[in-house]
Amino acid sequence: MKVGGLARQKAKRIKNLLIELKKKHGGFDLSFLKDLSVEDGIKFLTSFKGVGLKTAGCVLLFGFDKEVFPVDTHIHRILNRVGIVKTKTPEETFFAVGKLIPDKLSYHLHTGLIKFGRAICKARDPLCGVCPIYKICEFEMKSFYKKKTKDVEVNKNSALEFILLDEV
């Protein structure tokens, strides 16, 4: 298990969110979100302090199977390095790519890119020498990191051995 950090701040925000949700809706049931559009669901969820686009998108994608593509730092980094977007923040990336993702691919592309970002296209010391999309990547430092990781031993059972879109 990994610790997410900022536990006190997150706990306080969650508690306040629940208090506000109960005041506004008389309870904690979010099932009404399934009947809202993605845009309305995002608008509702981000109206709570501490709930950003990524959290709102994840609630809608994972909780209600909505066609929304949450963007975290891994996805933001990868899409910028590959050249799909030229954005400065995950929020900008969210709006730039949201409509580009074909229906029924949001979940698998989201989880696949996060795995890829954690295993290969890391923020620090990316493993460009074993990257399956090296040829199409526009990351200006890829040659440097390729040389740095060319001798990395790839374990057949490691996180490096997956197809990016293996479930699409």
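Lysine 148 and aspartate 125 meet through their side chains in a salt bridge, with 2.7 Å from N to O. This pair links distant parts of the chain, since lysine 148 sits in helix α7 and aspartate 125 in the loop between α6 and α7, 23 residues apart. Please keep in mind that the model is predicted. The structure holds four salt bridges, and three of them are described here, followed by a look at helix α7, a histidine, a leucine and a surface patch.

**Salt bridges**

- Aspartate 125, the acidic partner of lysine 148, is partly exposed, because its relative accessible area is 39%, between the cut-offs of 20% and 50%.
- Glutamate 39 pairs with lysine 99 in another salt bridge, and their closest N and O atoms are 3.2 Å apart.
- Glutamate 39 belongs to helix α2, while lysine 99 is in the loop between α5 (90-97) and α6 (106-119), so this pair ties together parts that are 60 residues apart in sequence.
- The two partners differ in their cover: glutamate 39 counts as partly exposed at 47% relative accessibility, whereas lysine 99 counts as exposed at 72%.
- Glutamate 138 and lysine 86 also join their side chains in a salt bridge, at 3.3 Å from N to O.
- Here too the pair links distant parts of the chain, with glutamate 138 in the loop between α6 and α7 and lysine 86 in the loop between α4 and α5, 52 residues apart.
- Glutamate 138 is partly exposed, with a relative accessible area of 48%, and lysine 86 is exposed, with 62%.

**Helix α7**

- Helix α7 covers residues 142-149, and its buried residues are Lys142, Tyr145 and Thr149.
- Viewed down the axis of α7, these buried residues fall within an arc of 70 degrees, so they line one face of the helix.
- The general background is that an α-helix has 3.6 residues a turn, so residues three or four places apart point the same way.
- Helix α7 also carries lysine 148, whose side chain makes the salt bridge with aspartate 125.

**Histidine 76**

- Histidine 76 has its place in helix α4, which runs over residues 73-82.
- Histidine 76 is buried, because its relative accessible area of 12% is under the 20% cut-off.
- The side chain of histidine 76 reaches the backbone oxygen of threonine 89 at 3.3 Å.
- Beyond its neighbours within four places in sequence, histidine 76 is in contact with Val71, Thr87, Lys88, Thr89, Pro90 and Thr93.
- Threonine 89 therefore appears both in that contact list and as the residue whose backbone oxygen the histidine 76 side chain reaches.

**Leucine 36**

- Leucine 36 is found in the loop between α1 and α2 (38-45), and it is partly exposed, with a relative accessible area of 26%.
- When neighbours within four places in sequence are set aside, leucine 36 is in contact with Gly41 and Lys66.
- Leucine 36 and lysine 66 are 30 residues apart along the chain, and their C-alpha atoms are separated by 9.6 Å.

**A nonpolar surface patch**

- Ile14, Leu18 and Phe28 form a nonpolar patch on the surface, and together they have about 290 Å² of accessible area.
- Isoleucine 14, one of the patch residues, lies in helix α1, which spans residues 7-25.
- Isoleucine 14 is exposed, because its relative accessible area of 51% is over the 50% cut-off.

Note on methods:
Residues numbered from 1 in each chain as written. Predicted model: local features only at pLDDT ≥ 70, side-chain atom pairs only at ≥ 80, totals over all residues. Heavy atoms only, no water. Patch = residues over 30% accessible without salt bridge, like charges linked within 9 Å, V, L, I, M, F, W, Y side chains within 5 Å. Areas by Shrake-Rupley, 256 points an atom, 1.4 Å probe, with all protein chains shown as cover. Helix = DSSP H or I, 4+ residues; strand = E, 2+ residues; numbered from the N terminus. Buried < 20%, exposed > 50% of the residue type's maximum accessible area, 1.4 Å probe, protein only. Polar contact = N/O pair within 3.5 Å; in protein donor to acceptor, adjacent residues only side chain to side chain. Contact = heavy atoms within 4.5 Å. Arc of directions from axis to C-beta.
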